[in-house]
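This report describes a metal site and the strand that precedes part of it. The sequence and the structure are shown below.

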Amino acid sequence: MRIGIISDLHIDRYNNSVENIPLYEEALIKETKSRNVDLLLIAGDISNRYDLTMDFIRRVSKESNTEIKFVPGNHDLWQADITEGTEAVLERYTRQPECLIKRPLIINDEWAVAGHTGWYDYTYASGEFTFERLERRAYYGGTWQDKNHIAWRYNDAGMSRQFSQAVRGDLESLGGRKIILVTHVVTNKRFRVPMPHRLFDYYNAFIGTSDFDAIYNDFPVHYSIMGHVHFRHSLTEGGITYICPCLGYKREWRTDDIGTEIGNAYYVIEI
Ligand SMILES: [Fe+2]
């Protein structure tokens, strides 16, 4: 079985316009067909809006004739103006059949896919900052934008803990199958931005979580697919292959061509 993986498409950020979304659809459909995959996993940050994200998933799935499973990223959970708690937005995604949260996909007797957005717990920042300083989510004249578009009931570390516990519950239901885990935030410190770094000594706080360390000890995770950090990288450590297949923003690309960049970010695992 061939499984395509990609993350952080940000389809509404190309020249900050929704008009370019068809270009992303076309490119992802073409890549998915040509790689001949049976399933496509998307590790979050498709867009900044619930409706755009779900429409995109459904069109790409239909036109490529390929099943898609995804987890929402922090951007997918954004509201331009916050009118409801982010729990309500997450719940809307969770009810969709394509969403992996609370709905792991059993592939066969041997393999299953599980996933969650996950959340950052500030443990990836440099030790020089206090929790209170990190909680201000503002540094060097910049603001971490989740502060303006996300409103959880509990603090970030509390959300991280809650989500990792939810994943543990999902994994317990999989009967010892080998697991492909999909999260949006990073769950391995080797994927944070190398420090010392002028900005990321601070901003690494919002990149990843340590709450999955115990999950990797307790469950047979073979692949961990992650997004959020906008670089493309993979490594194998302790029998687990971690893959970050991020497309990222246009300004981060090496070329101007969506097709080329999606082709470069797209990764296929065979099981
Ligand atoms: Fe992103």
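## The iron site

In this predicted model, the iron ion has as its protein donors D8 (OD), H10 (NE2), D45 (OD) and H230 (NE2), which lie 2.0 to 2.3 Å from the ion. Along the sequence, the donor residues follow the spacing D-x1-H-x34-D-x184-H. D8 is located in the loop between β1 and α1, and H230 in the loop between β9 (221-225) and β10 (232-237), so this pair ties together parts that are 222 residues apart in sequence.

The angles subtended by the four donor atoms around the iron ion range from 85 to 177°. The arrangement is irregular because four donors count as tetrahedral only if all angles lie between 85 and 135 degrees, and as square planar only if opposite donors are over 155 degrees apart and all others between 65 and 115.

## Burial of two donors

D8 has a relative accessible area of 0% and H230 one of 18%. Both D8 and H230 are therefore buried, the limit being under 20%.

## Strand β1 and its partners

Strand β1 spans residues 2-6 and is mostly covered, with four of its five residues buried. β1 pairs with strand β12 (residues 267-270) in the antiparallel sense over four bridges, and with strand β2 (residues 39-42) in parallel, also through four bridges. Residue G4 stands opposite V268 in β12 and opposite L40 in β2.

The connection from β1 to β2 involves helix α1 (residues 21-35): together, β1, α1 and β2 make a right-handed β-α-β unit.

How values were computed
Residues are numbered from 1 along each chain as its sequence is written. This is a predicted model: local features need pLDDT of at least 70, side-chain atom pairs count only at pLDDT 80 or more; totals for chains, interfaces and linings use all residues. Side-chain values use heavy atoms; hydrogens and water are left out. Buried means under 20% relative accessible area, exposed over 50%, partly exposed in between (1.4 Å probe, protein chains only). Helices (H or I, at least four residues) and strands (E, at least two) are DSSP runs, numbered from the N terminus. Two strands pair if DSSP finds at least two bridges between them. A crossover is right-handed if, with the strands pointing away from the viewer, the path from the first strand over the helix to the second runs clockwise. Donors are N, O and S atoms within 2.8 Å of the metal (3.2 Å for Na, K and Ca); water is not among the atoms, so sites may look incomplete. Four donors count as tetrahedral if all angles lie between 85 and 135 degrees; four count as square planar and six as octahedral if opposite donors are over 155 degrees apart and all others between 65 and 115; anything else is irregular.
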